[in-house]
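Colleague: I am new to this one, so could you walk me through it? I will ask as we go.

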Amino acid sequence: MLTAYFDDSGTHTKSKIVMVAGISGTEGRLAGLEHSWRKHLERPLEGTKPRLKRFHMVDCQGSRGEFEGWSRPEIDHFCFQLQTEIIDSGGVAYGIACSRADWDDLVTGDIRAIFGDAEGMCIRNSFVRILGWAQSNTFDPEMKFVFDNRPSSVQRDAKVV
């Protein structure tokens, strides 16, 4: 079975940019990625940093939480290591971002009723792109979509898609 994992960024109402990104692949490829990813969390930067419980890009880039005290070169190198694991996994990654203000200004009225808000557009676009990839590059008839916890209105929209 194929699986696609998605997460969002900037989906709170005051955010200027809304983004949804994800990774998809076969069970084997994603299991290999999870194994490699876990190694980096257990021994960040070859063991020079304490074990990490989870990776959150916003915390990493902001030197907050478990990344407090990390230098910019350490953060950049750690992100590079994780990026390399994603590329080497053989999965496919996809992301889309949208200016909330531009979307709200341009997509109004009946069109808004069809296309929804910026977050909904990002979710739908992610689904369509990953499904297109799966149809063109795989033969597996089943695909599972996994989203991070979302507000009930967004979960409803995601389930509809």
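Colleague: Which residue forms a salt bridge with Asp76?

Modeller: Happy to help, and please keep in mind that this is a predicted model. The two partners both lie in helix H4, four residues apart, about one turn of the helix. Asp76 is partly exposed at 39% relative accessibility. The closest N and O atoms of the salt bridge are 3.2 Å apart, and the partner of Asp76 is Arg72.

Colleague: How many residues apart in sequence are the parts that Lys49 and Glu74 tie together?

Modeller: These two form a salt bridge with their closest N and O atoms 3.3 Å apart. Lys49 sits in the loop between helix H2 and helix H3, whereas Glu74 belongs to helix H4, so the parts tied together are separated in sequence by 25 residues.

Colleague: Is Lys49 buried or exposed?

Modeller: Buried means under 20% relative accessible area. The value for Lys49 is 18%, so Lys49 is buried.

Colleague: Which helix gives the largest share of the largest nonpolar core?

Modeller: That core has 15 residues, and Met121 is among those with the most contacts inside it. E1, E2, E3 and H7 each supply at least two of its residues. The largest share, six residues, comes from H7.

Colleague: Which residue in E3 stands opposite Val20?

Modeller: Strand E2 covers residues 17-26. E2 and strand E3 run antiparallel and are joined by eight bridges. Opposite Val20, in E3, stands Ile96.

Key: Residues are numbered from 1 along each chain as its sequence is written. This is a predicted model: local features need pLDDT of at least 70, side-chain atom pairs count only at pLDDT 80 or more; totals for chains, interfaces and linings use all residues. Side-chain values use heavy atoms; hydrogens and water are left out. Two strands pair if DSSP finds at least two bridges between them. A nonpolar core is a set of buried Ala, Val, Leu, Ile, Met, Phe, Trp, Tyr and Cys residues joined through side-chain atoms within 4.5 Å. Buried means under 20% relative accessible area, exposed over 50%, partly exposed in between (1.4 Å probe, protein chains only). A salt bridge is a side-chain nitrogen of Lys or Arg within 4 Å of a carboxyl oxygen of Asp or Glu.
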